[in-house]
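The following exercises are to be worked through with the sequence and the model at hand. Each task is followed by a solution in steps.

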Amino acid sequence: MAKLNFGGVEENVVTREEFPLSKAQQVLKNETVAVIGYGVQGPGQALNQRDNGINVIVGQRKNSKTWDKAVRDGFVPGVSLFEIEEALERGTIICYLLSDAAQIALWPTVQKHLTPGKALYFSHGFGITFNEQTGIIPPKGVDVFLVAPKGSGTSLRRMFLQGRGLNSSYAIYQDATGKAFDRVIALGIAVGSGYLFETDFRREVFSDLTGERGTLMGAIQGIFAAQYQVLRERGHSPSEAFNETVEELTQSLMPLVAENGMDWMYANCSTTAQRGALDWWKKFRDATRPVFNELYDSVATGKESQRSIESNSKPDYREKLEEELKELRESELWQAGKTVRSLRPENQPPAKEEVHKDHKVADLFKKLVEKPENIG
Ligand SMILES: NC(=O)c1ccc[n+]([C@@H]2O[C@H](COP(=O)([O-])OP(=O)(O)OC[C@H]3O[C@@H](n4cnc5c(N)ncnc54)[C@H](OP(=O)(O)O)[C@@H]3O)[C@@H](O)[C@H]2O)c1
């Protein structure tokens, strides 16, 4: 574990240099890692671990599209893909990657298979932190820990395939075997984390629920909608309003922020833009801070978890979510976005000139294959 300085604050982190994949493989060599659930995190984590040489099996209910997806991804029924209960029986480390609502429903089954020495792994602090609402209280003899990748399971897999890594937090809730630290870090490395930072279950879930309701998803959509609406009401076209609100941000500016920070992005814009942005950012901070405090309170008092459990446990929860997503999708803002995206040069069919050029190359290639001496 290394202590690194983050803007003046020291934190414990684990990097791939100190805990290389070879060490993770060594720690996990006698374990069977059972990934329970093959939704979004399940595939990312299971496939990365499999490619990293870990003995991983998947537990998924049968007769579902998700089971078929696991088969398509190369998990073999009866060998590395099982019904949930059988995978729970076979696994020594149980990666509990069902949706948070399903984790509550399946808990009585999982509990039966948590024999002493096994480990229970989460990717979210939700089930344990809000255990008065979830009923998830693990038995004493098992290790309980989490690795929470800071991003979608889809990105976890894509970045792994590109040789990159998504950062993850880790936390130990219960160390029954004395091996919890090595086990959790080995898993964190094996699922493809960039670096791992330390947290606890409570802080993980509080920051995660705040982040996704805040700047990562809820707040950003709210700010987009507000600015777009003002521009439209003041007579700007959808094209202008969308480009000034979303397209320029995602296509031009955020990649610069990702590369070198906000100050560098500012410094690479006009001085007119810098002057205005420096004048206005604190007003936006002060206007939204009370909302962020209200949000954090709602998370910390369990209101958000309660709402999530209640709505996502209903049999028609997917349809209900889809209805609300449809409202977003059909809004003028995102319909305008669809058109703008279709006009990106990379999404355009090749121009006539290029098609002509491509045909010429194809003709040449054909001649070369058929009769190499034709090429002078
Ligand atoms: N989504 C992310 O990228 C992300 C990021 C970081 C952390 N996490 C955490 O990772 C965990 C998994 O999240 P996720 O988004 O991957 O979950 P998800 O996609 O919603 O999980 C779906 C999985 O749960 C199964 N499932 C749902 N209801 C079930 C039931 N009643 N009985 C049996 N199986 C059921 C689904 O099977 P069927 O398809 O057959 O219904 C599928 O395998 C959560 O704790 C989440 O907070 C997720």
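**Preliminary note.** This is a predicted model, in which local features need pLDDT of at least 70, side-chain atom pairs count only at pLDDT 80 or more, and totals for chains, interfaces and linings use all residues. Residues are numbered from 1 along each chain as its sequence is written, and side-chain values use heavy atoms, with hydrogens and water left out.

**Exercise 1.** Locate Thr199 and determine whether it is buried or exposed.

*Solution.* Step 1: Thr199 lies in the loop between strand E10 (193-198) and helix H10 (201-213); helices (H or I, at least four residues) and strands (E, at least two) are DSSP runs, numbered from the N terminus. Step 2: Thr199 counts as buried because its relative accessibility is 14%; buried means under 20% relative accessible area, exposed over 50%, and partly exposed in between, with a 1.4 Å probe and protein chains only. Step 3: leaving aside residues up to four places away in sequence, Thr199 touches Ser169, Tyr170, Ala171 and Glu204, a contact being heavy atoms within 4.5 Å.

**Exercise 2.** State how many residues of helix H9 are buried, and examine what follows the helix.

*Solution.* Step 1: helix H9 spans residues 180-190, and 9 of its 11 residues are buried. Step 2: among the buried residues of H9 are Arg183, Val184, Ile185 and Leu187. Step 3: just after H9, Gly192 adopts a positive phi of about 100°.

**Exercise 3.** Describe the backbone and the surroundings of Asn63.

*Solution.* Step 1: Asn63 sits in the loop between strand E4 (56-59) and helix H3 (65-72). Step 2: the phi of Asn63 is near 55°, a positive value in a residue other than glycine. Most residues other than glycine have a negative phi. Step 3: Asn63 has a relative accessible area of 80% and is therefore exposed.

**Exercise 4.** Identify the residues that come nearest to the ligand, and list polar contacts of its oxygen atoms.

*Solution.* Step 1: of the 24 residues around the ligand (a heavy atom within 4 Å of it), Gln41, Gln60, Arg61, Thr66 and Asp100 come nearest. Step 2: polar contacts are pairs of N or O atoms within 3.5 Å. An oxygen atom of the ligand is 2.6 Å from an N or O atom in the Gln60 side chain, and one is 3.1 Å from such an atom in the side chain of Ser64. Step 3: on the backbone, a polar atom of Gly153 is 2.9 Å from an oxygen atom of the ligand.

Note on methods: Polar contact = N/O pair within 3.5 Å; in protein donor to acceptor, adjacent residues only side chain to side chain.
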